[in-house]
Structure formats: structure tokens, C-alpha cells
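Me: Please take a close look at one part of this structure. I would like to see how a single chain is divided up, and then what surrounds one of its helices.

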Protein chains: 2
Amino acid sequence: MLIALDAMGGDHAPGPIVAGAVQAVAADPQLSVLLVGDQVRVEPLLAGVAHRERLPLFHCTQAVGMEESPVVALRKKPDNSISRCWQLLAQQKVEGIVSAGNTGAMVAGGLLLKRFLKNVRRPGIATVMPTLKGPCVLIDVGANVNPRPEHLFQYGVMGSIFARHILQRSQPTIGLMNVGSEEQKGHDLAKDTHALFNSSPLRNQFIGNVEGRDIHRGAADVVVCDGFVGNVILKTSEGVFEFTMKMVFQELLDALDGERDKAKQTLEGLIHRYDYSAFGGAPLLGIDGVCIICHGSSGDRAIKNALGVAANYARARLNELIVKELEASPITAAEE
Amino acid sequence: MLIALDAMGGDHAPGPIVAGAVQAVAADPQLSVLLVGDQVRVEPLLAGVAHRERLPLFHCTQAVGMEESPVVALRKKPDNSISRCWQLLAQQKVEGIVSAGNTGAMVAGGLLLKRFLKNVRRPGIATVMPTLKGPCVLIDVGANVNPRPEHLFQYGVMGSIFARHILQRSQPTIGLMNVGSEEQKGHDLAKDTHALFNSSPLRNQFIGNVEGRDIHRGAADVVVCDGFVGNVILKTSEGVFEFTMKMVFQELLDALDGERDKAKQTLEGLIHRYDYSAFGGAPLLGIDGVCIICHGSSGDRAIKNALGVAANYARARLNELIVKELEASPITAAEE
């Protein structure tokens, strides 16, 4: 199993990125990671590491900056590490790609190559969110900010397969993000998507509209939304968690006395466990191959997890299931 | 100062609604509250209360259910308490109206009467969010799920006046909710609104795009977004706060021993303080008069606060400032 890793992508690349690869190959004896990046910067980081034979290097001279315009960067920098990863995937030289670099450039790189799975209209980014009833899938969180109802419906199909095979939910429930629970709520996109689910083979899994507060209560195993809304949900959740924990820290450390250190340790453990960067990256579903997009601030642990997710995902052959399930959907067939 | 209160609106109406009115008139000797609702249910709640002379009753026979379709309910129930509140406002018999009832019906009631302030294209609901740097204004959180760029621009103008006069920010910063900080990010609505702010008299207050995680960090005094996204942000924030506090409670009460009760009290105090229902309701900005929309779960304290906000808002004469500032905006003038 060979996964390409964008060694130049991430706020602190290449240091923690390469460190994550070293940890990933140590944890999985079947895994090799192809480090895509500038040899001059990456090679020194590999001096003396274990399993060096499973950490090959693919040299390229350019990198897309975290704040660069994706489309402009991909055009002006043909030898950038993100485009090289996508090309390696398209040439089937690797089974998957992982990057903590510019998210827009990763998505644009995939869209430019147009290597979508059969019947897929538009790929979507799925992410795993913690809830009171265990993890749920939120899709799309930023690949597609102008979706049509058919796109959202397909996100439901793909998210459901992800929940079944990666999160082990036997019959995942699917909710549509909306501003109220009633069927007639929201804008046309929401109403049309609602109707599409209700007339599809997924209608038994579809629980209708869910609202913002329902996600973390665990109301649905899969929450479907457009990429603009999903991105806002993801980042707002991060912000509120951070805000709440800062408040709790401040108030509790002021109030407690003898057990202050014990409280501090407990809270730090909680932050560590619920730290979004630990969740191992978000798969771009619907492309031919495996693509995992990580948070820009990813450290070695997050990269190691993301490489593990990429390998599991390839092994589970989720893409074959996606193709099969979309083929069985009369809505897609009727509109081909 | 006479404010009309929808006595029939709210998950537990009329009990806590009327109790909130009783508290509000006790706290503000200049305030009278006109209770709009079913005399048979409201009158018994007023037996023996103080300041009964400042708690008049406006009898009506119908109420809109919390889950009813707003447009259908308003049409089929002409004597409902929400429509009666709006009519009292339109006839200038009251200076403001407050309801914890069906939000969609409250907004639809206002839109049907079309009593917008001069130059206002569409009203928007503003809400106050807690941040690490004090409260900020989020607008719109649900009045307008299909806005045009001019609507969002006007929300910036109105939100800024609210932040200046109610939150006491001398020169409020305005951020546009988007999926990334770069100017070219997001859908057309976001890009066009970005351009509109940058070519307006508000350009010195406009700090560009903000992301979900920036809100609770206090990156902007006013955050502008469409009503769909704003509603999702508001409810997701509620859900994440609830989720995080449950986790903290569970972990800390397990870990602590002698200071467990002290920790419990501190956490309960925090929840009480940051409880969204305590924030006193959200004003529907842009209508001629004062309209405060409260959370359906509002208890007496939230209703009391909302009545206080309505009175302050009327006294501050914010509507005159909104009209003046929108008149000074060449963008609005050019498009009339």
C-alpha cells in the first residue's frame, strides 16, 4: 500500500508532516509513504529514521502557499507538490494522497483532473464530528459552495457508505441541514433536496431536516449540507469548543484550590481527545482514488492518523461501493 | 413606554411569559407591557401581582403553534396573537413588540405588513453572541434565507449601529462570514457583498472575510451572513456549548473528590451566564418600530430581559440612525 503525502503542505511543513509519515510506517508494516516535496528540505528530516525503505521521496521544486489563490497557484506553479500528488494518483502510482496544504488547491487539483467516480456529479469533503452519541459524518465541508440538489443527494449516499464502513453504523440515519425541522423550511436548495431524498431508495434512512444544535446531540449519523454551510459549521464548532474550554479553565482554576492540578489535567486530556486535528483528516469523496485533506495546523499525530485513514479507506474499497450504490439510485439514472 | 408582549408564544406559554412581564414592569417604572393573548388563560396569572395597572391585556382568541407553517397559520388564524402584535405596532399603539413564539410567523407577520424603515430592502434578525473579547452582533440569523448582496450590506450598516449604541463599541468592525480569509473565496453572494463593502462608506470598518472559528475569538464586532448560515451558526454554537459542558461535567465530576461540589457550582454558574436564552432576544432590524424575537424555550428571565432590550432600543431611537445612515450610503441610493 503506497500513499503519497504532500510534504510541503501545512502551516509548519515539512517538519511535522515528515514526522507523521515516519510514525505511520512504524505503526503499519504494510504501509509505504511517498513523500512529495523539495528533496533539499525533506531529505535531512529522514536521516537515521527507521523503515527508511518505506519512505521514498518524490522530488518537486514548488509548493502552493496556504493563503495563495488555488487556481492561480496551480497554473503558475506546475511543479507544485499538490499537483504532483494528484498526477501520481491519476497515473495509479499511489492508492491515495494526503495533504495538510491549501484546501482549495487540493480540491481544485482534483476537479481539474476530473477523475470522478462513475455517476458522481461533484466530489464532497466528509468530516467526522464528535457528538454525544459517538462520531457522525458531516458532508460537504467545503468542496462545493454552489451545489445542486442532486449533489447534496449524492453526498447523502457517499456519507452513508462512509458511516457504515468506517464508523460501523449498520443502517446510518441521514439528516439534511436546515433552519427548522418542518419540511417546507429553508431555501429552494433545501426544499428540493428534501424531496429528492424522500423519493429515493434512501428514504428509510432519511430522517428529514436537522438543525445546527442537533449535530452534537447526535441526531443523525450523516448530516448533509452545502460546502459553504458545512465549512462554517466545522469552523464554528472549533471556535465554540475553544471558547468554552477557555472559559471553563479560567473559572475553575480560580474557584478550586487543592484539586486545581487534577482539574487542569482532566481538562487538558479532554482538549487533547476532542482536538479536531486528531480526527485524522477529511476524505474528498467521489474521486477515483483516496484523497485525505488535513487541517493546515496538523501536527505529526494528525498526519499519522490521516495516513492510517487513507490506508483503511483504500483497503475497505469504499469507492466500489459508492459506484454500485449510485448506480442503484434511479434519481441519478433518470437524470443522466 | 408601552411594549406589546405575545403572551401565547413560547414552548411553555403563557406561564413564564406573563411572569417575565411582571418582573419587567417591576424593574422599570416607566415600562408598561400590553399582554396580547387569551384572556381566559392570561388573566388568572395576573391575580394579585404588583403593578397590575402597567400590565394591560389585549384579548385575542387564537395562537400560532410553534411547529405550524407560518404563512398558512397567519392566513387561517386572523385573530392570532402574533398578527395582533404587528397590528398594534402598525397602528402605533405600542412602541415595540416581543414574542417567543413561532419565529417564522413573527418574521412573516412583519413582512406581510411591509412596514420597513425608509431605504431598507429587507429586515434582518440580529443576535448577540458571546466572544473572548465581549459580545458581538451576528446578522442575519433567519429572516432572509435568499438575500442579495445589497441586503447583506444593509445588515452591516444596521448591525454596526446596533453595536455602537447597544454594545457601546465606538467604531465597530464588520466582518463578512465566508469559507476563507482571501477576497476571492466563497460563492457569488460572498464575493459581491465583499466588493460592495469595499466600495462603501463603511470600508474603514470592514475587515473583510471572517471564518466560523473567528466569531467566538472576537475577530469582529459585527458578523454579516445570510439568514440560513446565521441560523446554522446560532444553533450549532448552542449545540457545541451544550456538548462541551456535558463532557466537562462528566469528566470533572469523575476526576475530582473533595472539591467536586465547588466545581459543580462553578460550572453551573458558567452555563447559567452563557445560556443563550438569557441574552434577551434578537431584534428584527429594519422594520418601523421595535420587534424582539425570543427563543422558544425562553423562561421568565429571558422574557424580562427581552422587554428591557425592547424598551432600551426604543429609547435609543436606533431606527432614526438606521434611516440616516442608509440615506448616506451611495450604494443604496444608486440602486433605488
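Reply: In this predicted model, the domain assignment splits chain A in two. Domain 1 covers 2-120 + 286-317, and domain 2 covers 126-275. The centres of domain 1 and domain 2 of chain A, taken over C-alpha atoms, are 26 Å apart. Contact between them involves 5 residues of domain 1 and 6 residues of domain 2. On the domain 1 side of chain A, the touching residues are 3 nonpolar and 2 polar, with no charged ones.

Now to the helix. H1 of chain A spans residues 15-27, 13 residues in all. From first C-alpha to last, H1(A) reaches 19 Å. That is close to the 18 Å expected at 1.5 Å a residue.

Which residues of H1(A) are buried? They are Pro16(A), Ile17(A), Val18(A), Gly20(A), Ala21(A), Val22(A), Ala24(A) and Val25(A). Their cover includes two strands of chain A, S1 (2-6) and S2 (32-37). It also includes helix H2 (39-42) and helix H11 (300-315) of chain A.

Chain A also meets chain B. Here 52 residues of chain B are in contact with 52 residues of chain A. On the chain B side, the elements giving two or more residues are helix H8 (212-215), helix H9 (227-255) and helix H10 (260-274). H9(B) gives the most, with 23 residues. By class, the chain B side has 21 nonpolar, 17 polar and 14 charged residues.

Terms used. Residues are numbered from 1 along each chain as its sequence is written. Chains are lettered from A and ligands numbered from 1 in the order in which they are written. This is a predicted model: local features need pLDDT of at least 70, side-chain atom pairs count only at pLDDT 80 or more; totals for chains, interfaces and linings use all residues. Helices (H or I, at least four residues) and strands (E, at least two) are DSSP runs, numbered from the N terminus. The expected span of a helix is 1.5 Å times one less than its number of residues. A residue is buried if 20 or more other C-beta atoms lie within 10 Å of its own, exposed if 12 or fewer, and partly exposed in between; C-beta atoms are placed from the backbone. Two residues are in contact if their C-beta atoms, placed from the backbone, lie within 7 Å. Domain bounds come from an automatic or database domain assignment. Ala, Val, Leu, Ile, Met, Phe, Trp, Tyr, Cys and Pro count as nonpolar, Asp, Glu, Lys and Arg as charged, and the others, Gly among them, as polar.
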